[in-house]
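Please open the structure in your viewer and keep the sequence panel visible beside it. The tour proceeds by selection, one stop at a time.

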Amino acid sequence: MEEKKIFKKKKKKKKKIFSFKGLNGQITVYEDKIVITHKGLMGFLSQGFSGAKTIQIESIKSVQFKKGGMMNGYIQIGLYGDNRSQGVFDATADENSVMFTRAANDEAERLHKLLEDKITEVSKNKQNAGQSAPSAADEIMKYKNLLDQGIISQEEFEQKKKQLLNL
């Protein structure tokens, strides 16, 4: 009997660029994403057992930063399509926020600048790529309009929708 060897392609581990530890969690920045982890007592009190949250850089709409002073500072990540309030009181319970003390202001400011630069880089890359390919949802809407106008049949619409959704 011939023994078969199965080689798994090793996933290239993404290199950590920056890591910031706050009072209620940690933000780790990679080339294309951030990971927010809420650990420790403060993390448990504000988030419970929420675990780690991975956010792609291209999904970040804004990064709100407030230096610590008499009150704790915070970094709050705003996402596209997310209508959460932003501010110091909302940041304490927001899973996309990490609080920190005055002593961590310089590190937090470096994180803020890094994230802003990453967002700008992604935005420029999208602009330089020209018009990107339309999403499946955009394509489905286009075909739905054709269906509504009577240009294509219901069957043609369903067939194209299945194709676009890889069903």
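The stops below move from a strand hairpin to a group of aromatic rings and then to a helix. The model is a predicted one, and the selections should be read with that in mind.

**Stop 1: the hairpin**

Begin by selecting residues 16–21, which are strand S1, and add residues 26–30, which are strand S2. The two strands run antiparallel and are joined by 5 bridges. Between S1 and S2 lie 4 residues, and the two strands form a hairpin. Within this hairpin, display the side chain of Phe20, which stands opposite Ile27 in S2.

**Stop 2: a charge over a ring**

Next, select Tyr30 and Lys33 and show their side chains. The charged end of Lys33 sits over the ring of Tyr30, at 5.3 Å from the ring centre.

**Stop 3: the aromatic pairs**

How many aromatic pairs does a search of the whole structure find? The search returns 2. For one of them, select Phe20 and Phe100: their rings meet edge-to-face, with 5.6 Å centre to centre and 85° between the planes. Phe20 belongs to strand S1 and Phe100 to strand S7 (residues 97–100), so this pair links distant parts of the chain, 80 residues apart.

Are Phe20 and Phe100 buried or exposed? Phe20 has a relative accessible area of 2% and is therefore buried, the cut-off being under 20%. Phe100, at 1%, is buried as well.

Keep Phe100 selected and add Phe65. These two rings are stacked, with 6.1 Å centre to centre and 15° between the planes. Because Phe65 lies in strand S5 (residues 60–66) and Phe100 in strand S7, the pair ties together parts that are 35 residues apart in sequence.

Now show Phe20, Phe65 and Phe100 together. Ring pairs link these three residues into a cluster.

**Stop 4: a glutamate in a helix**

Finally, select residues 136–148, which make up helix H4, and display Glu139 within this helix. Why does Glu139 count as buried? Its relative accessibility is 16%, and the cut-off for a buried residue is under 20%. To see what surrounds Glu139, add Pro134 and Leu164 to the view; Glu139 is in contact with both, when its neighbours within four places in sequence are left aside.

Notes. Residues are numbered from 1 along each chain as its sequence is written. This is a predicted model: local features need pLDDT of at least 70, side-chain atom pairs count only at pLDDT 80 or more; totals for chains, interfaces and linings use all residues. Side-chain values use heavy atoms; hydrogens and water are left out. Buried means under 20% relative accessible area, exposed over 50%, partly exposed in between (1.4 Å probe, protein chains only). Contact means heavy atoms within 4.5 Å. Rings of Phe, Tyr and Trp (its six-membered ring) pair if their centres lie within 6.5 Å; planes under 30 degrees apart count as stacked, over 60 as edge-to-face and the rest as tilted. A charge sits over a ring if NZ of Lys or CZ of Arg is within 6 Å of the ring centre and within 35 degrees of the ring normal. Two strands pair if DSSP finds at least two bridges between them.
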